[in-house]
Amino acid sequence: MTLINKVIKENNTSINPIWIMRQAGRYLPEFREIRKKNPDFINLCLNENLSSEITLQPLKRFNLDAAIIFSDILMLPYGLGQKVVFEKNFGPRLGELNLDKISQIDEIDFIEKVHRVYKALRKVSSDSILKDKNTIGFVGAPWTLLVYMINQQSPKKNLKEDFFKDEFLINRILLIIEKFLKIHIKNQIDNGANVIQIFDSWAGLLDEKDLPNYIYTPTLNLVNYVKSLNVPVICFPREIKNYKEFCDIVKPDAISIDYNANPKEIIKNIKIPVQGGLDPKILLTDKETLKKETMKYLEIFKDHPYIFNLGHGVLPETNPSMVEYLVKLVKEYK
Ligand code: CP3
């Protein structure tokens, strides 16, 4: 059994598997080299030779316990025919959302647009470097995808005031998102993903009263779907105020926490396996600080099933030697 499965399925507390959100990405010179020659990010994700190579780059350098497929949560709106481009120094910019057009997309249209992600997964998961390690597939949570599809760009700190004005549109889009997320999850699993992570990067934007409608219900549906396929599911409802309530209602197999979550509170309240937490900015400091902060998480979670990870993606300005040191610290911890 893989180390991550031992933690998730057997509640093993004697091992410390590690993988890192955005482990394949801009902090690696070998990624930047490929990226330079491939200005269109979506096309890069859809080039299974390059995206599988990028996925494995961090595993060639560091003793990580999983690969996460090099793709993006915005492949979903792309597959639904909404325009998605990634602009340098701006981030994602999405085209107009047309409900009539999106309602006409069927499973075959969707798969035709994104099937090369599945080809990449097949290549990655059969690589010998992943023997006894996990291949992580992922999706954005319905709420976070709704935010991008309606807002057409990252919302930064707040939603526009009129975000909820067209409730009919929002509810229709949510159902469409949910339907195609299931299709996307199933195809990732069929092609070798053996863990699914659900990224809800904008969970923290909602008021408490809106959580059942936009987060709990749609995420619970997805979590139950992944469980029905016998694959472990990890949720990352970033900046949600009440992780305990989320876990009690949604019941993922493991919960990934952000760097503002207090690990001592988490350990008191949460019984399921925990992942992550360390602030990615710590990797921009020095080895001594990194060691101190890493040990903090390892000590707090030493008797709890725990997968080491960061509290959000690794930052582009990170020195790879700090990642190397982090992996070494975690692997040598006893
Ligand atoms: O290594 C991995 O983690 C796998 C690949 C991965 C990417 N995006 C590649 C990527 C994963 C899991 C994601 C998830 C993702 N994408 C999220 C959820 C996690 C989070 O960060 O909160 C979100 C919100 C997105 C949407 C997105 N994609 C944004 C906002 C941006 C621009 C900001 C940025 O970091 O550049 C992206 C682009 C993106 N996705 C890049 C990568 C490697 C950078 C592309 C580049 O080289 O310019």
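Me: How many residues surround the ligand?
Reply: This is a predicted model, so keep that in mind as we go. The closest residues to the ligand are R22, R35, D72, S201 and H312. Counting the whole shell, the number that surround the ligand is 23.

Me: And by class, how many of the shell residues are nonpolar?
Reply: Split the shell around the ligand by class and you get six polar residues and four charged ones. The nonpolar count is 13.

Me: Which helix and which strand each supply at least two residues of that shell?
Reply: The helix covers 29-36 and the strand covers 91-94. Each gives the shell around the ligand at least two residues. Their names are α2 and β3.

Me: Which residue has a polar side-chain atom 2.7 Å from a nitrogen atom of the ligand?
Reply: Let's go through the polar contacts. R22 uses a polar backbone atom, 2.7 Å from an oxygen atom of the ligand. R26 uses a polar side-chain atom, but its partner is an oxygen atom of the ligand, at 2.8 Å. The side chain that pairs with a ligand nitrogen atom, at 2.7 Å, belongs to D72.

Me: What share of the ligand's exposed area does the protein bury?
Reply: On its own, the ligand exposes 870 Å². As for where it is, the ligand sits in the largest pocket. Of that 870 Å², the protein buries 87%.

Me: Is R22 buried or exposed?
Reply: R22 sits in the loop between α1 (3-10) and α2. It isn't a glycine, yet its phi is positive, about 60 degrees. Most residues other than glycine have a negative phi. Because the relative accessible area of R22 is 54%, and the cut-off is over 50%, R22 is exposed.

Me: What about K251: where does its relative accessibility put it?
Reply: K251 also has a positive phi without being a glycine, at about 50 degrees. You'll find K251 in the loop between α11 (243-250) and β7 (254-256). Its relative accessibility is 49%, and exposed needs over 50% while buried needs under 20%, so K251 counts as partly exposed.

Me: Is W202 buried or exposed?
Reply: Look in the loop between β5 (195-199) and α10 (211-228) for W202. Its relative accessibility is 13%, and the cut-off for buried is under 20%. Therefore W202 counts as buried.

Me: What separates the C-alpha atoms of W202 and D166?
Reply: Along the chain, W202 and D166 are 36 residues apart. In space, their C-alpha atoms are separated by 19 Å.

Terms used: Residues are numbered from 1 along each chain as its sequence is written. This is a predicted model: local features need pLDDT of at least 70, side-chain atom pairs count only at pLDDT 80 or more; totals for chains, interfaces and linings use all residues. Side-chain values use heavy atoms; hydrogens and water are left out. A residue is near a molecule or strand if one of its heavy atoms lies within 4 Å of it. A polar contact is a pair of N or O atoms within 3.5 Å; within protein, one must be able to donate a hydrogen and the other to accept it, and residues adjacent in sequence count only if both atoms are side-chain atoms. Accessible areas come from the Shrake-Rupley method with a 1.4 Å probe; for residues, only the protein chains shown count as cover. On a 1 Å grid over the protein atoms alone, a cavity is a set of points where a 1.4 Å probe fits but cannot get out, and a pocket is an open set with protein on both sides within 12 Å along at least five of seven lines; lining residues have an atom within 4 Å of a point. A molecule sits in a cavity or pocket if more than half of its atoms lie within 2 Å of its grid points. Helices (H or I, at least four residues) and strands (E, at least two) are DSSP runs, numbered from the N terminus. Ala, Val, Leu, Ile, Met, Phe, Trp, Tyr, Cys and Pro count as nonpolar, Asp, Glu, Lys and Arg as charged, and the others, Gly among them, as polar. Buried means under 20% relative accessible area, exposed over 50%, partly exposed in between (1.4 Å probe, protein chains only).
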